[in-house]
Every structure is written in C-alpha cells, then in structure tokens.
Amino acid sequence: MSEATQNPENNPLSDEELAAAAAMTPTDPLADAQAELANLKAQNADLADQYLRAQADVQNARRRADEEISKARKFAVEGFADSLLPVLDSLEAGLAIPNATLEQIREGSEATLRQLKSALERNKVVEIAPPAGTKFDPHHHQAISVVPAEQEANTVVSVLQKGYLIAERVLRPALVTVTAPK
C-alpha cells in the first residue's frame, strides 16, 4: 500500500469522495467521438501501411519467381549441352585426321555414336525401338503401314525409325509397321 492510503491525513479525499467527483465530471460526447475518431484513424493508417507492405512483398516475390523462371528457361539445356561437348570434340578430332582409312572412320564413328547414346541416356533421353511381336502402343508408336502377317493383330512387324522418350514423355514416337487384323 502507498503511504497516502495508509495515512488518512495525507489523503484529503476519501475513496467515496473520489468516486463521486469522477461521477460528477461531465463526459463530453464530442471529445469522446474525437478520441475514438483519432484512434480509428491511427488504426486505419496502420492497416494501410501493412497492406502496402504486403503488396510490395507480393510484387517482389512475383518478380523473383519470374526471374527464376526466365533463368531456368535460359539455362535449361546447359547440362544437356555440356554432355554433348565430348561428342562434338570426337567428331572434330575424327575430321581433323587428313588421311583416315575407312576402318579408322568407322571405328571413330562407332565410338562417337556410343558417346552420343551415353550423353542422351544421362539426360533421360531413352530409345523406343520395340522388337517384332510387341503389342502396338499408340502412346509410343506411330503406325506407318499395316501388313498382313502370321503374328497376332496389332503387333509390331518392324521399326522404320526409332522413337525417343525424354523423362517418360514421348519426344518422337517410333515409326512402325503393324499387323493387320485377320
């Protein structure tokens, strides 16, 4: 307790007198409304500031995302191109030999083809070359012609051109001939 409440001589007004004085003080409705208006204006200014900051954050996030997408598109083939550079080097080295024999050219071409296939496989480019007798799959194969055969209907007879998948998506369907229905 404070010294004023302990010593009644230092506190000239009693608690009842203080309550009565507060009750007698007229409240001004205009002053109350102005105080409430000032409070609401402060809250409004605070909310407007929060809104502007949130809008700026959204715009910054959108700009950063657009920049990242742009960079991803721009450099998407970087890894693929990097894996093809040894193939390019091999082709240039083979062409740099002025008096290469047919056997040397063939060996170099086969080695370069292995490098190219390896680079494609590392980048998830997979060959579609269905063996004869495989069921025709319109999602991976494109029928060029239909031929009568002793095999079951709608099966691959031969592959005219290999197809390729890239990460489980058809890049180019395999061109095939299929058996005719009996």
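## Surface and burial

The protein exposes an accessible surface of about 14400 Å², and carbon and sulfur atoms contribute 58% of that area. Accessible areas come from the Shrake-Rupley method with a 1.4 Å probe; for residues, only the protein chains shown count as cover. The protein has 182 residues, of which 10% count as buried, a term that denotes under 20% relative accessible area (1.4 Å probe, protein chains only).

This is a predicted model, in which local features need pLDDT of at least 70 and side-chain atom pairs count only at pLDDT 80 or more, while totals for chains, interfaces and linings use all residues. Residues are numbered from 1 along each chain as its sequence is written, and side-chain values use heavy atoms, with hydrogens and water left out.

## Elements and contacts

The protein contains 5 helices and 6 strands. These are DSSP runs numbered from the N terminus: helices are H or I with at least four residues, and strands are E with at least two. Read from the N terminus, the order is α-α-α-α-α-β-β-β-β-β-β.

Among contacts (heavy atoms within 4.5 Å) with a separation of 6 or more, 57% link residues 24 or more positions apart.

## The sheet

Strands of a sheet pair through backbone hydrogen bonds, either parallel or antiparallel. Here, an open sheet of 3 strands follows the order β1-β4-β5, with antiparallel pairing. Its edge strands, β1 (125–128) and β5 (169–172), each pair on one side only. Two strands pair if DSSP finds at least two bridges between them.

Strand β1 is joined to β4 (residues 163–166) by 4 bridges, and the two run antiparallel. In this pairing, I128 lies opposite G163 of β4.

Terms used: Buried means under 20% relative accessible area, exposed over 50%, partly exposed in between (1.4 Å probe, protein chains only).
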